[in-house]
Each structure stands twice: as structure tokens, then as C-alpha cells.
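Please open the model in your viewer and keep the sequence panel visible beside it. The stops below are given in the order in which they are best selected.

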Amino acid sequence: MKAPICRACAIGETLCPSCQSKLSSGAISRLDVDISRILYKINEQHNLSLASFTRALDAGAQVLVFTDGEPGVLIGRGGRVVSALSAALGRRVRILSESGDARRRLEDLLSPVKIGGINEAYSAGRTLMRVRLSKEDERLLPLDVRALEPLVSKWMGKPVEFVFE
Ligand SMILES: [Zn+2]
């Protein structure tokens with residue numbers, strides 16, 4: 001299994017100097033550590049050796065768990081792995097792919113809300129990507145899109161802004 005912390009740290013209760021410095025520098029979060037440990041526990045019952053957990057993001061009503069591998073491994077047959085993860089965390093969890101076409105990943109992330117359009121915009125001396133969503137859909141969004149801007153900006157390779165209109 002691939003995780004943001006090493007195997008010893010995921011199985012143990014303390015962090016080695018290398019994982020600790022990733023946490024201190026903000027390269028990984030406490031949530032990444034918690035989920036890595038939960039996944040290693042789940043691995044004792046369901047084989048997650050092919051799983052590749054890259055990062056987690058607290059998006060308000062849901063915790064988003066990203067993978068650069070096959071999302072089905074972290075979902076599990078009949079959703080068993082994601083259910084066990086959700087129960088251990090006490091939060092709703094969604095597994096999302098971090099690889100593939102950027103626009104499609106964005107649509108997966110925002111599902112069931114549809115993207116109205118994507119434009120290049122110029123603001124405060126920089127070019128940014130404006131993702132337009134319908135104001136009527138705002139209440140349907142399962143997550144806080146503002147919290148997603150840094151991650152989506154990384155995917156798109158430029159600053160991203162969500163607007164409701
Ligand atoms: Zn470690």
C-alpha cells in the first residue's frame with residue numbers, strides 16, 4: 001500500500017523523524033496520518049496491498065480521499081472498504097481519483113452539480129481559471145468548494161476560482 005506516511009508510522013503510534021517533518025512542514029496533514037493508520041488496520045481484513053492513498057481533504061460535510069491508483073481498491077467490493085473507513089473516521093468519505101483528465105476529475109469532485117463553464121479570467125495581475133457554477137446548485141454541493149481551490153489549482157496548474165452566478 002502507498003500512503004503519505006511510511007509503513008512503520010502507519011502501523012505504530014509515533015512518527016519517525018522523516019514523517020514528523022512532513023507533518024510539521026504541512027506537506028501532510030493530521031488527517032493524512034489518521035487515514036493512513038485506519039487503512040493499514042482495514043488492510044488486516046481486506047487486502048489493500050494495491051491501494052495508493054495520496055492525500056485527504058476535509059471538505060466540510062465529507063472527507064475526500066484521493067488516490068493516484070485504481071479508486072475501486074479503496075472503495076472495495078460492494079463499498080466495504082470505504083464503509084469501514086467512514087465508520088472508523090466517523091465521517092462521510094468519498095474516494096476520488098487524482099489522475100486522468102482534469103475536467104473530468106473536477107466533474108467527479110462536484111458531482112451531482114454540473115459545471116456551467118470554465119473561463120480564463122484576469123484578476124490582480126494574474127491569469128486564473130474561473131469555474132462557473134449555478135447559484136441554484138450551491139445547496140446541492142456536498143462540499144465546501146473554497147476549501148478545494150488549492151487542490152484544484154494544483155491539478156489545473158494555475159489558480160482556480162469557483163464562482164456561483
Ligand atoms: Zn515514518
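**First stop: a hairpin**

Select the hairpin of β1 and β2, which has three residues between its strands, and look there for glycine 60, whose phi is positive and near 90°. Before going on, note that this is a predicted model, in which local features need pLDDT of at least 70 and side-chain atom pairs count only at pLDDT 80 or more, while totals for chains, interfaces and linings use all residues. Residue numbers start from 1 along each chain as its sequence is written.

Strand β1 covers residues 53-58 and strand β2 residues 62-67, and the two pair in the antiparallel sense over five bridges. Helices (H or I, at least four residues) and strands (E, at least two) are DSSP runs numbered from the N terminus, and two strands pair if DSSP finds at least two bridges between them. To follow one bridge, select phenylalanine 53, whose partner in β2 is threonine 67.

**Second stop: what touches the hairpin**

Now select aspartate 144, which lies in the loop between β5 and α7. Leaving out residues up to four places away in sequence, aspartate 144 touches Ala59 and Gly60, where contact requires C-beta atoms, placed from the backbone, to lie within 7 Å. Is aspartate 144 buried or exposed? Aspartate 144 is partly exposed, because 15 other C-beta atoms lie within 10 Å; a residue is buried with 20 or more such neighbours, exposed with 12 or fewer, and partly exposed in between. A distance label from the C-alpha atom of aspartate 144 to that of isoleucine 42, 102 residues apart along the chain, should read 28 Å.

**Third stop: the open sheet**

Select β4, β5 and β6, three strands that form an open sheet in that order with mixed pairing. The edge strands, each pairing on one side only, are β4 (117-123) and β6 (160-164), and the twist averages 35° from one strand to the next. Strand β5 (residues 126-133) runs parallel to β6 and is joined to it by five bridges; one residue to pick out is arginine 132, whose bridge partner in β6 is valine 163. Helix α7 (residues 145-156) lies across β5 and β6 and runs at about 135° to β6, with axes fitted to C-alpha atoms, for helices over the stretch in contact, and angles taken from 0 to 180 degrees between N-to-C directions.

Two loop residues deserve a selection here. In the loop between β4 and β5 sits alanine 124, which has a positive phi near 50° although it is not glycine, and which counts as exposed because it has 6 C-beta neighbours inside 10 Å. Proline 112 lies in the loop between α6 (102-110) and β4, and the peptide bond leading to it from serine 111 is cis, with omega near 10°.

**Last stop: domains and core**

Colour the chain by its domain assignment, an automatic or database one, which gives domain 1 (7-97) and domain 2 (102-164). Their C-alpha centres lie 25 Å apart, and the contact takes seven residues from domain 1 and nine from domain 2.

Finally, turn to the largest nonpolar core, which has 37 residues, with Ile5, Leu39, Phe53, Leu64 and Val65 making the most contacts inside it. This core draws at least three residues from each of domain 1 and domain 2. A nonpolar core is a set of buried Ala, Val, Leu, Ile, Met, Phe, Trp, Tyr and Cys residues joined through C-beta atoms within 7 Å.

Key:
Two residues are in contact if their C-beta atoms, placed from the backbone, lie within 7 Å.
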